[in-house]
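The following exercises ask the reader to reason from a structure to its description. Each task is followed by a worked solution.

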Amino acid sequence: MPPILRKILRIFAGIFALMGLIFLAVGIWTGERQYTILKSWPTVEAEVTKSEVRQHLDSGSGSSASTVMYQTFVEFRYTVNGKEYLTPSDAGYSTSSYPQMKRLADKFPPGTRHAIKYNPVDPNDIYFNAEYSFGFFLLPVVFGGVGLIFCIVAIVVLVVASRLGRTRQCPSCGGAVEAGQHFCPNCAAVLPTAA
Ligand SMILES: [Zn+2]
């Protein structure tokens, strides 16, 4: 393999490794945040004042048909440190499955009371569906998964590049010879043409 091609493959692998590590870092960061919410945010009893499934169009990337996405919105009334809060909140993610979001909304009909999590620094920041579920950890799972795939691609490309670019040896002096060279750079012996 010509050295220039090996160089291109190395740059390609480097870009993929960098992107993979960034995605992995974002995955860990968001995962850690969700975990902190579950572990350390206080719980307060809140009353549902509004509950609905809203839809929006996800235009995707380009000209292809857009998908209808659904998300559950719930509004809560609760009291923290003697102060009353009225805060709208959402599921934190959308899905193309209406029944999935309807099921979530049906768990929170207006007038019912639930234990919700609030940010101790800002009680307007709440989560009503904080749990060890795929939906709650969707972002970290997606970012971590993409990051892992990019890193694997980078490793595979590096391994292939080093296999293909393995240097030959000059048959007369044993010195390293690059593919494509016709004469040994050490002893000037004529090299076999087979690369
Ligand atoms: Zn030689």
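**Exercise 1.** Locate Asn81 in the chain and describe its backbone and its surroundings.

*Solution.* Asn81 lies in the loop that joins strand 2 (67-80) to strand 3 (83-90). The model is a predicted one. Next, consider the backbone: phi of Asn81 is near 55 degrees, a positive value in a residue other than glycine. This is to be set against the general rule that most residues other than glycine have a negative phi. Finally, count the neighbours: 5 other C-beta atoms lie within 10 Å of Asn81. A residue with 12 or fewer is classed as exposed, and Asn81 is therefore exposed.

**Exercise 2.** Determine the place of Ala188, and decide whether Ala188 is buried or exposed.

*Solution.* Ala188 belongs to the segment after strand 7 (176-177). Its phi is positive, about 65 degrees, although Ala188 is not a glycine. For the second part, 11 other C-beta atoms are found within 10 Å, so Ala188 is exposed.

**Exercise 3.** Characterise the environment of Arg168 and name the residues that it touches.

*Solution.* Begin with the element: Arg168 is in strand 6 (residues 168-169). With 15 other C-beta atoms within 10 Å, Arg168 is partly exposed, because this class lies between the limit of 12 or fewer for exposed residues and that of 20 or more for buried ones. Leaving aside residues up to four places away in sequence, Arg168 touches Val177 and Ala179. A further distance may be read from C-alpha to C-alpha: Arg168 and Cys184 are 16 residues apart in sequence and 10 Å apart in space.

**Exercise 4.** Describe how helix 1 and helix 3 are arranged with respect to each other.

*Solution.* First, establish the dimensions. Helix 1 has 38 residues and reaches 54 Å from its first C-alpha to its last, close to the expected 56 Å. Helix 3 (residues 138-164) has 27 residues and reaches 39 Å, close to the 39 Å expected.

Second, identify the buried residues. In helix 1 these are Phe16, Gly20, Phe23 and Gly27, and they pack against helix 3. In helix 3 they are Phe143, Gly147, Phe150 and Ala154, and these pack against helix 1 (3-40). The spacing can be read with a general rule: an α-helix has 3.6 residues a turn, so residues three or four places apart point the same way.

Third, obtain the geometry. The two helices pack at an angle of about 160 degrees, with their axes 7 Å apart. Angles over 145 degrees count as roughly antiparallel, and helix 1 and helix 3 are therefore roughly antiparallel to each other. The crossing in which helix 1 passes helix 3 is left-handed.

**Exercise 5.** Summarise the composition and overall dimensions of the protein chain.

*Solution.* The chain contains 3 helices and 7 strands, which follow the order α-β-β-β-α-β-β-α-β-β from the N terminus on. Its C-alpha trace spans about 90 × 40 × 20 Å along the principal axes. The radius of gyration is 28 Å, whereas a compact globule of 195 residues would have a value near 16 Å. Of the 195 residues, 16% are buried. As for contacts with a separation of 6 or more, 62% of them are between residues 24 or more positions apart.

Methods:
Residues numbered from 1 in each chain as written. Predicted model: local features only at pLDDT ≥ 70, side-chain atom pairs only at ≥ 80, totals over all residues. Helix = DSSP H or I, 4+ residues; strand = E, 2+ residues; numbered from the N terminus. Expected span 1.5 Å × (residues − 1). Contact = placed C-beta atoms within 7 Å. Rg over C-alpha atoms; globule rule 2.2 N^0.38 Å. Axes fitted to C-alpha atoms, helices over the stretch in contact; angles between N-to-C directions. Parallel < 35°, antiparallel > 145°, perpendicular 65-115°, else oblique. Left-handed = near helix turned anticlockwise from the far one by under 90°.
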